[in-house]
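Biologist: Hey, got a minute? I'm new to this one and would like a quick tour.

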Amino acid sequence: MIYTCTLTPSIDYTVYVPEFESGKLNRSEEVYYYPGGKGINVSRVLKRLGVTNQALGYAGGFTGQYIEQFLKKEGVDTDFIETEEITRINVKIKSAEETELNGPGPELNQVQLEALTRKVQAMNEGDWFVLAGSLPGSIEAEYFQELANICQENKVRFVLDTSGPALESLTAAPVFLIKPNQQELGELFGVEISNIPEAFQYARKLVERGTEHVVVSMGGDGALLVTKDLEMSAKAPRGTVVNTVGSGDSLVSGFIASFSADQDPIKAFRYGVASGSATAFQSDLCRKEDVDKLLDQVELYPYEEKDVTT
């Protein structure tokens with residue numbers, strides 16, 4: 001079974017306003033409500049790719065109920081831990097310029113954290129645990145390291161897609177897959193990464209620390225894969241980018257969907273890039289038919305340059 005975990009989910013309330021004016025009444029032409037959070041996006045895309053999974057995390061109030069109902073309608077099983085706080089609502093105003101208002105995540109207590117730990121402890125060999133999205137600074141890094149160690153002991157594949165101090169503290173933990181973008185990879189090492197050779201250089205450092213697979217999304221420059229035995233770059237399919245939200249999450253979903261079926265990192269990398277691109281080329285998350293159409297357009301190249309200076 002594949003389990004995703006979103007600690008701070010949300011309802012993303014997206015409104016389209018032709019000409020947004022601050023301080024005045026604005027009337028929207030289109031309104032959408034979607035469950036938000038990187039782990040939730042991974043679950044939704046996995047299901048669309050035909051892969052059964054379960055969404056974990058924390059949810060509360062009427063907004064938490066809405067998220068669970070939405071996911072169940074899409075066929076995603078859920079097992080959220082209840083919070084007394086109402087799950088946040090993030091407002092996204094789409095106009096000539098995009099404006100976002102993000103609510104605060106829940107304050108999680110020790111009892112709630114222990115409930116998540118028990119769920120991870122109950123996972124079996126061969127399962128996946130995908131920890132994605134922002135990790136609250138109020139939770140000690142040792143807690144997430146404990147989850148990583150539990151996964152290692154139980155032979156559960158631990159996937160990490162987050163950023164900031166929590167990501168830095170977990171790079172020494174046993175991780176099956178990390179997917180930073182170019183900026184996040186640079187932040188990990190306190191540098192600015194401006195090109196593909198530099199991205200490979202720092203991705204290698206993560207592998208040297210113990211991560212099995214590092215996939216770095218590079219925007220218009222495609223993506224790269226680094227493992228102990230492989231270094232590949234991918235040129236993404238050409239198309240009109242409509243919305244990049246969820247593209248990285250879709251890349252993670254595609255990689256997991258393929259690898260869980262074939263255990264082939266190269267095939268998984270190709271499928272992940274196609275999935276990320278398929279989402280970027282439309283207003284919503286990708287579907288399997290969208291990914292299949294792009295699969296043959298993903299060009300993979302072995303990376304040969306080994307000596308890169310900073």
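Modeller: Sure, let's go through the fold, the surface and the cysteines.

Modeller: This is a predicted model, where local features need pLDDT of at least 70 and side-chain atom pairs count only at pLDDT 80 or more, while totals for chains, interfaces and linings use all residues. Residues are numbered from 1 along each chain as its sequence is written, and side-chain values use heavy atoms, leaving out hydrogens and water.

Biologist: How many helices and strands does the protein chain have?

Modeller: There are 10 helices and 14 strands, counted as DSSP runs (helices H or I, at least four residues; strands E, at least two).

Biologist: And how much of the protein chain is buried?

Modeller: 53% of the 310 residues count as buried, meaning under 20% relative accessible area with a 1.4 Å probe, protein chains only.

Biologist: What share of the contacts comes from residues 24 or more positions apart?

Modeller: They make up 67% of the contacts with a separation of 6 or more, a contact being heavy atoms within 4.5 Å.

Biologist: Switching topic: how many disulfides are there?

Modeller: The search of the whole structure finds 0, with a disulfide taken as a pair of cysteine sulfur atoms within 2.5 Å.

Biologist: Why no bond for C151?

Modeller: Because the closest cysteine sulfur, in C5, is 10 Å from the sulfur of C151, too far for a bond.

Biologist: Is C151 buried or exposed?

Modeller: C151 counts as buried, because its relative accessibility is 1%. C286 is buried too, at 0%.

Methods: Buried means under 20% relative accessible area, exposed over 50%, partly exposed in between (1.4 Å probe, protein chains only).
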